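Please examine the structure that follows. The exchange after it sets computed values against the definitions behind them.

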Amino acid sequence: MRVFIPLTLAAAAAMAFVSAPASATGVIKCKSGPVSGWKTQDELTKKLTKEGWTVRKSKVDGGCYEVYGTTPEGDRVEAYFHPVTLEKLYVGRRGEVLFRKPGY
Amino acid sequence: MLRIILNKKPTFWLLLAIPALLMLRRYASGDLIAMDMLHPTGEWAARLMIFAMVLSPLVSLLGPKPWLNWLVQRRRALGVAAFVYSVLHLVFYLIDMGNLVDILAEFWALGIWTGWAAMLLFVPLALTSNDASMRRLKAGWKRLQRLVYPAAVLVLVHWIFIHNNLIPALVHFVPLVLLVGARFFLSPKPQPKGA
């Protein structure tokens, strides 16, 4: 019955290790109020696409919209936008800060 | 019967493949895009590497235990699985980036080159994870496999800086550092061969 010890261990490890989805990475926080006052991610994507961005993915992070994509200049970046104003707050590439709005 | 099947090496391989199969299925179904695959593949690579690395310290601290011995016999499989997940991680990175210009543009970011360097160190470790190499390299095999320690440091830095967040990396690495440290400080006597 010794086999049950490693089995139990494996099960416990599997339980403990189930990947929690990456939540707020804490780069930028937005005081953006209730979601009812937010513009949609679709609106943001449309606006950015018009400006020359390629949006690969967007999600909510720290009360902001976080966008993975390519800037009009051609840089692969991670960028944050205010969900109410859609203002650009932060642009970074793998942790290197390329743009940060003062105060954020 | 059940016990015989569970103790077979292929069963262990299958067990190690389950997370990959689950995430690849979600990728194939379009549920996840290449970018979404980076985090889980990388996390499993690091996790399996750490799992392989803590077995010796556990044996040193707890003494010989049947369940530990069961895992130690499968340690090489854990290491190879860690490598396979890191290859998946790299493949999805290449798919996500899509072109060399973008890859080179971010190469020297601290969170990126450390990942490449760790991958580079993993290659000789994986290539020599077989009986023939163990026989041919003799004592050198163990010395070579110790490259996993600098690789682990690179993985830690890669994880912290790619994620802009300490917590998930530390959840995995603190137990490793404690166990390796405890082994180093608590057992001054040389390790018996094969431990």
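Q: What makes strand 2 and strand 3 of chain A a pair, and how do they run?
A: Strands pair if DSSP finds at least two bridges between them; six bridges join strand 2 (residues 64-70) of chain A to strand 3 of chain A, and the two run antiparallel. Strands here are DSSP runs (E, at least two residues), and helices likewise (H or I, at least four), numbered from the N terminus. The model is predicted: local features need pLDDT of at least 70, side-chain atom pairs count only at pLDDT 80 or more, and totals for chains, interfaces and linings use all residues. Residues are numbered from 1 along each chain as its sequence is written, with chains lettered from A and ligands numbered from 1 in the order in which they are written.

Q: Why is strand 3 of chain A called largely enclosed?
A: A residue is buried if 20 or more other C-beta atoms, placed from the backbone, lie within 10 Å of its own (exposed: 12 or fewer; partly exposed: in between). Six of the six residues of strand 3 (residues 76-81) of chain A are buried, so the rest of the structure largely encloses this strand. On one side lie A:Arg76, A:Glu78 and A:Tyr80, and on the other A:Val77, A:Ala79 and A:Phe81.

Q: How do you know that B:Val155 is in contact with residues beyond its sequence neighbours?
A: Contact requires C-beta atoms, placed from the backbone, within 7 Å. Leaving aside neighbours within four places in sequence, B:Val155 is in contact with B:Ala46, B:Met49 and B:Ala118.

Key:
Contact = placed C-beta atoms within 7 Å.
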